[in-house]
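Q: I have a sequence and a model in front of me. Can you show me how to read them, one feature at a time?

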Amino acid sequence: MAGGSAIRGSRVGAGPMGEAERGDAAPRLVVSYFCAHGHETRPAFAADAQVPETWDCPRCGLPANLDSANPPPPPKIEPYKTHLAYVKERRSDSEADAILTEALKTLRDRRARGELIY
Ligand SMILES: [Zn+2]
């Protein structure tokens, strides 16, 4: 049995990694994701894995999904405005709007500091 176990040992050492890289050890499912920039990402999943609905584009970081005709919209990144800028912008509006603006600013500040996450 000594010879048998030696052969078996060499196969274990060389086998699994090479088989996985050739893709013949387990079936793979290649899925195409599309981001708003038109990048196509094709990650491979195990055939029995649950494929996520969205995938972060590795090229631009935007979310991508499976629908090339309707990729997820890029998250809005609005330039930061000071409270004063809001007041100037909305000076013709009612004071209620200014209060609302202040509340929104507070919310944004808290979110920026990581106090609110959603
Ligand atoms: Zn992209």
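A: Start with one residue. K105 sits in helix α3, which covers residues 95-112. Keep in mind that this is a predicted model.

Q: Is K105 buried or exposed?
A: Look at the relative accessible area. Under 20% means buried. K105 has 17% relative accessibility, so K105 counts as buried.

Q: Which residues does K105 touch, leaving out those up to four places away in sequence?
A: K105 touches Y80 and H83.

Q: Now the whole chain. How many helices and strands does the chain have?
A: The chain has 3 helices and 6 strands. Read from the N terminus, the elements run α-β-β-β-β-β-β-α-α.

Q: What share of the residues is buried?
A: The chain has 118 residues, and buried ones make up 16% of them. The exposed surface of the chain is about 9400 Å². Carbon and sulfur atoms supply 56% of that surface.

Q: What do the contacts in the chain say about sequence distance?
A: Take contacts between residues at least 6 apart in sequence. Of these, 26% join residues at least 24 apart.

Q: How do I read the sheet? What is the strand order?
A: Go across the sheet, strand by strand. The open sheet has 4 strands in the order β3-β2-β6-β5, and the pairing is antiparallel. The edge strands are β3 (40-41) and β5 (54-56), and each pairs on one side only.

Q: How many bridges join β2 and β3?
A: Strand β2 spans residues 33-35 and pairs with β3 over 2 bridges, in the antiparallel sense. F34 stands opposite E40 in β3.

Q: Next, the metal. Which residues coordinate the zinc ion?
A: Look for the atoms that hold the metal. Here they are C35 (SG), H39 (ND1), C57 (SG) and C60 (SG), at 2.1 to 2.3 Å from the zinc ion. In sequence, these donor residues are spaced C-x3-H-x17-C-x2-C.

Q: Why is the arrangement around the zinc ion called tetrahedral?
A: Check the angles. Four tetrahedral donors have an ideal angle of 109.5 degrees. The 4 donor atoms around this zinc ion subtend angles of 105 to 117°, which makes the arrangement tetrahedral.

Q: Which of the donor residues are buried?
A: C35 and H39 are buried. C57 is buried too, with a relative accessible area of 3%. C60 has 29% relative accessibility, so C60 counts as partly exposed.

Q: Let's stay with H39. Where does H39 lie?
A: H39 lies in the loop between β2 and β3. Its relative accessibility is 16%, so H39 counts as buried.

Q: What does H39 touch, leaving out residues up to four places away in sequence?
A: H39 touches Y33, F34, C57, R59 and C60. Two of these names, C57 and C60, are also zinc donors.

Q: How many disulfides are in the structure?
A: A disulfide is a covalent bond between the sulfur atoms of two cysteines. A search of the whole structure finds 0 disulfides.

Q: How do I compare distance in sequence with distance in space?
A: Use C-alpha to C-alpha distances. H39 and S68 are 29 residues apart in sequence and 9.4 Å apart in space. D67 and C35 are 32 residues apart in sequence and 9.0 Å apart in space.

Q: Where is D67 found?
A: D67 is found in the loop between β6 (63-65) and α2 (83-89). D67 counts as partly exposed, because its relative accessibility is 38%.

Q: What about D56? Is D56 buried or exposed?
A: D56 is found in strand β5. The cut-off for exposed is over 50%. D56 has 55% relative accessibility, so D56 counts as exposed. Leaving aside neighbours within four places in sequence, D56 is in contact with L62 and P63. From D56 to C35 is 21 residues in sequence and 8.1 Å in space, C-alpha to C-alpha.

Q: One last residue. Where is V51 placed?
A: V51 is in the loop between β4 (44-46) and β5. V51 is partly exposed, with a relative accessible area of 26%. Beyond neighbours within four places in sequence, V51 is in contact with L29, V31, Y33 and F45. V51 and L29 are 22 residues apart in sequence, and 8.9 Å apart in space from C-alpha to C-alpha.

Definitions and conventions
Residues are numbered from 1 along each chain as its sequence is written. This is a predicted model: local features need pLDDT of at least 70, side-chain atom pairs count only at pLDDT 80 or more; totals for chains, interfaces and linings use all residues. Side-chain values use heavy atoms; hydrogens and water are left out. Donors are N, O and S atoms within 2.8 Å of the metal (3.2 Å for Na, K and Ca); water is not among the atoms, so sites may look incomplete. Four donors count as tetrahedral if all angles lie between 85 and 135 degrees; four count as square planar and six as octahedral if opposite donors are over 155 degrees apart and all others between 65 and 115; anything else is irregular. Buried means under 20% relative accessible area, exposed over 50%, partly exposed in between (1.4 Å probe, protein chains only). Two strands pair if DSSP finds at least two bridges between them. A disulfide is a pair of cysteine sulfur atoms within 2.5 Å. Contact means heavy atoms within 4.5 Å. Accessible areas come from the Shrake-Rupley method with a 1.4 Å probe; for residues, only the protein chains shown count as cover.
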